[in-house]
Amino acid sequence: MRRRNFIKAAGAAGVSALVAGCSAEPVDDGGDSASNESTEGTETGTTTGTPSGSATLRVATYTSFVDAPSSSPGPWIKEQFESEFDATLEWQTPENEINYFIERAAQGVDIESDAYVGLDTNMLIRVDENVDGELFASVDSGAVEGRDAVKSGLEFDPQERAVPYDTGYISLVYNENQATAPETFDGLLRPEFEGDLLAQDPQSSATGQAFLLHTIKAKGEDGYLDYWSQLQDNGVRVLGKWEDAYAAYSNGEAPMVVSYSTDQVFANAEGEDLSEHQIRFLNGEAYANPEGMARFADAPSPDLANQFLSFMLRPEVQAEIAVRNVAFPAISDAPLPEDFAQYAKEPETPVTFTYEELQGNLSEWTDAWAQQFASN
Amino acid sequence: MSDATAGGDERGEKRTDGGESLSGISRRQQTASGWVEAHALTLVAVVTGVVLLVLFYYPIATVLVEAVVDDGELTFAPLAGVLTSRFYLVEIIGFTAYQAALSTVASVALGLPGAWVLSRFEFRGRETVRSLTILPFVLPSIMVAIGFVATFGANGTLNRLLSLFGLGPVNLLYTLPAIIVAHAFYNAPLVTRMTTAAWESVDARTVETARSLGASPARAFLDVVFPQLVPAILVSATLTFVFTFASFPIVLALGGLQYATIEVFVYYRVQQLAYADAAALAVVETAVSLGLTYAYLRYEAKQQTAAFGAGAQPAPRKRLLPESLRGLSARDVLSRVAVSGYGVVVLLVFVAPIVSMLLSSVTAPDGSLTTRYYEFLLQRQATAAAFQVKPLPAVLNSLLFGVGTLLLALPMGVVMAVLTTRRYRGRKVVDALSMAPLAVSGIVVGLGLLRGLVFGFEAFGYRFTVAGAIAIVAAHAVSAYPFVTRNVAPLLGNLDAKLVESARSLGASRTRALWDIELPLVAAGVVAGAAFAFAISIGEFDATVILATGSNSYTMPVAVERYLGRRLGPATAMGCILLFVTSLSFVVIERFGGRSRGV
């Protein structure tokens, strides 16, 4: 009632053209019940978790997890989850991904989602540096069945909020008809590979960032800028997003591109010539990018959110996520299809920086790199 | 609103005594409509102000304030940080201005001959070609990148052509020229369209007079025609500079990070949540663009001398393909050769990338022809879940938002043009500020819309938010109306003030004078502005994805982005749907607009 009255008043004030796009919701000051005189029915209608009808679980993620042209795990997960739990799973894909929630928290707007799928170490650091309170809740392993089955090497959150659910490895993909990729980082500096490598902007793409971090792993904090300077002299091309670089690679602009070690899974499915999709792990290593999920501290339905996290860790769900997201499962006993390992390559030595190593350093490393690269 | 109330009162009266109040109704309605008519300009101006405030100035203020306020205290540290950094000033801002200047020169050089051909020659399909010049405007940058790689890449069309002649290969990609040509691809059509409109309103009689006084054709062109084209050239050049100064994804896709522009660093800082730095960079960026716009507007104001009253009578067009070769002068032959040369350039720079996009939507990985990407779209349409993007709703939303944008941006733009062609102190500042939606970083606008509108603000115990379809249309109109203003204002400024004065002295309201006298005379500008407004709406991405509530308000460019994956097929297929729908819309809009122009 009050809301309707307000809209009428706003309309009379002359902004009627905008009203249909506006809304005014009563602000909940934390004092949950009986803060306002009347309105019992209207406000509880929007709250979830009440026994009236089935509950709603709101899960935020990045778009390609639920809507990709090839395959995405989102629709399958929703269907399976809903068939088992008396709940509606609602996918949310805010354009700014995790920054959307950081910004929301910073502006003091309530978080209305239950869980986030698609966290990595850098995002967690950004959350911790920019949100005063808690954005995500630590997961009590007792509350999430299967939590202990996650491979310990994939854990990336010292506060145990993020639960890894899959991982990818960033490597070189090359066309062996044009060039055989070198085996080491130093090899990339050889004149025969001049202009042969396509990489991505570390700020615009996860692969670009992983490759930059891998060079820092390989060359050290003091040596990576020097290495990149030589790489730039040898004609490395740093384009914007992964799509830009991969499109250029597909068009034969260069014989090597920074991409995922699962490239052949797609190539095989598309019936492409695998000789154009060879994988190279430089120095025998690949940078691991585990993806995690977490429950929001203020989740409207915390129990359901825990059940969801647990659901995501079941062996058969892990296998489906791996296949549909084309990544590696986070547990060891996921029943993967037999040809999965044939096309999805794993490095002998995965490398990655820990939360502590990246904290306070990532921005500086990237800024120093970007300044040097853009100045040349 | 008061109109409706008045009507309601009358109806109440009517029940008591019939006959008399009937005339009362019409009288009162007349007065009411008279009141609306008398105040229509003011009303539209107020609506324009509110829309700008809510969808532009308030949102960007929530971001830009971070450049000067830290923890509630005034600070100049972020701005000083940018302005004292050699890296930012020289490597980034200096380079950004340099590439924008080159891009502007290239766009003008590539666009002007187009205006000459379209306004001076008659050929089959001229109207259609003219309509289609808007296409580059609506293309998502990833589509342009795909088209350019396929055209100018190592294995691209250009190199294959050159190898036929035993030449090449040329390596154009990942160089500064690649960026500049891509910028010209986007902006030369702007120059062409705006200059063509000006050329078509050059009165043939003025040229004839000059010729009869003994001027050579070249002299007559330089002294009579060219001065009338200069404002159009300069306004399109200014807009080109402003756009290319804020260029971002296309620079990284076709050049690479060593050609990073200022907008790239605005994006970085926003990603890192380093808002003070982002805001400081954006403030400097906006200041450069607005400063240039202001300089242009001062120039435009000085030019309003060549007043014309009645509609101009353009010189008749020459047939591009003469009926017989007999009687052709050397000049005629030379001009046809020049047109052919220009045609080759157009084929390479504009047609080839677009054809490459079409081809890549029907080419399988092994090079054979395939319809599988269009089948993907059909399958998506049939089976996509509610939270996924479907092709058909995206097409319909784009068209709906486009029409909505037209309905809002046309009155906004025309009224702003009327306001800014009146004489008062500081009006050029108002005029420059009304151009601000073109000059402010799209990334800052996106963040501002998120903060200011999607999250909303608290007052009186309520949280007010603005999102959804109507907010998207309003945001599109904010980006689009400056084009209407810039197309209409110069023409309006050139009108003889006596026309309006005599209409007013005969009792016409200001609105009626505008509607009956001025608008028909500047119809060409209104139609040109409408085309840009529609195109801006179709191509808009940033505000749309921020303001969309759920997947039901996504548009064609959003679908293109969603379908982008390891294979380019699905995205290019959607991109070609975008091309097709847009082409059709423009041919229709301009046919319709062209007819109404004759009235």
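Visitor: Before looking at chain A, what should I understand by a contact, and which share of the contacts with a separation of 6 or more joins residues 24 or more positions apart?

Guide: Two residues are in contact if their C-beta atoms, placed from the backbone, lie within 7 Å. In this predicted model, 75% of the contacts in chain A with a separation of 6 or more are between residues 24 or more positions apart. The chain has 376 residues, of which 46% count as buried, and its secondary structure comes to 15 helices and 12 strands.

Visitor: How should I read the confidence, and where in chain A does the pLDDT fall below 50?

Guide: As a general rule, where pLDDT is low, the predicted coordinates should not be read in detail. Chain A averages a pLDDT of 88, with 87% of the residues scoring at least 70. Over residues 1–20 of chain A, however, the pLDDT is below 50, although this stretch has 16 contacts in the model beyond near neighbours in sequence. Residues 29–52 of chain A likewise stay under 50, and for them the model has 12 contacts beyond four places in sequence.

Visitor: Into which domains is chain A divided, and how do I judge the way they meet?

Guide: One can look at the bounds, then the centres, then the residues in contact. Chain A is divided into domain 1 (55–167 + 289–343) and domain 2 (179–287 + 350–375), and their C-alpha centres lie 27 Å apart. Across this boundary, 12 residues of domain 1 of chain A are in contact with 13 residues of domain 2 of chain A. On the domain 1 side, α6(A) gives the most, with 4 residues, and the residues of that side divide into 7 nonpolar, 4 polar and 1 charged.

Visitor: What does the domain assignment of chain B give, and how many residues of its domains are in contact?

Guide: The same steps apply. The assignment for chain B gives domain 1 (40–64 + 375–599) and domain 2 (76–303 + 317–360), with 22 Å separating their centres, taken over C-alpha atoms. Here 40 residues of domain 1 of chain B are in contact with 43 residues of domain 2 of chain B. The elements that give two or more residues to the domain 1 side include α2 (18–64), α21 and α24 (523–539) of chain B, while the largest share of that side, 10 residues, comes from α27(B). By class, the domain 1 side has 27 nonpolar, 8 polar and 5 charged residues.

Visitor: Turning to the two chains, how many residues does each give to the contact between them?

Guide: Each side is counted separately: the contact takes 56 residues from chain A and 61 residues from chain B. Among the elements of chain A that give two or more residues to this side are α1 (2–19), β1 (22–26) and α9 (242–250), whereas α15(A) gives the most, with 6 residues. The side of chain A that touches chain B has 25 nonpolar, 18 polar and 13 charged residues.

Visitor: Finally, which residues of the largest nonpolar core touch the most other members?

Guide: A core is read through its members and the elements that supply them. The largest nonpolar core has 225 residues, of which L198(A), A533(B) and L547(B) touch the most other members. Helix α21 (residues 469–494) of chain B supplies the largest share of this core, 16 residues. Leaving aside residues up to four places away in sequence, A533(B) touches T405(B), L406(B), A409(B), L410(B), A480(B), Y481(B), F483(B) and V484(B). Apart from the largest core lies another, of 53 residues, among them F65(A), A115(A), V163(A) and F328(A).

Conventions:
Residues are numbered from 1 along each chain as its sequence is written. Chains are lettered from A and ligands numbered from 1 in the order in which they are written. This is a predicted model: local features need pLDDT of at least 70, side-chain atom pairs count only at pLDDT 80 or more; totals for chains, interfaces and linings use all residues. Ala, Val, Leu, Ile, Met, Phe, Trp, Tyr, Cys and Pro count as nonpolar, Asp, Glu, Lys and Arg as charged, and the others, Gly among them, as polar. pLDDT is the predictor's confidence in each residue, from 0 to 100. A nonpolar core is a set of buried Ala, Val, Leu, Ile, Met, Phe, Trp, Tyr and Cys residues joined through C-beta atoms within 7 Å. A residue is buried if 20 or more other C-beta atoms lie within 10 Å of its own, exposed if 12 or fewer, and partly exposed in between; C-beta atoms are placed from the backbone. Domain bounds come from an automatic or database domain assignment.
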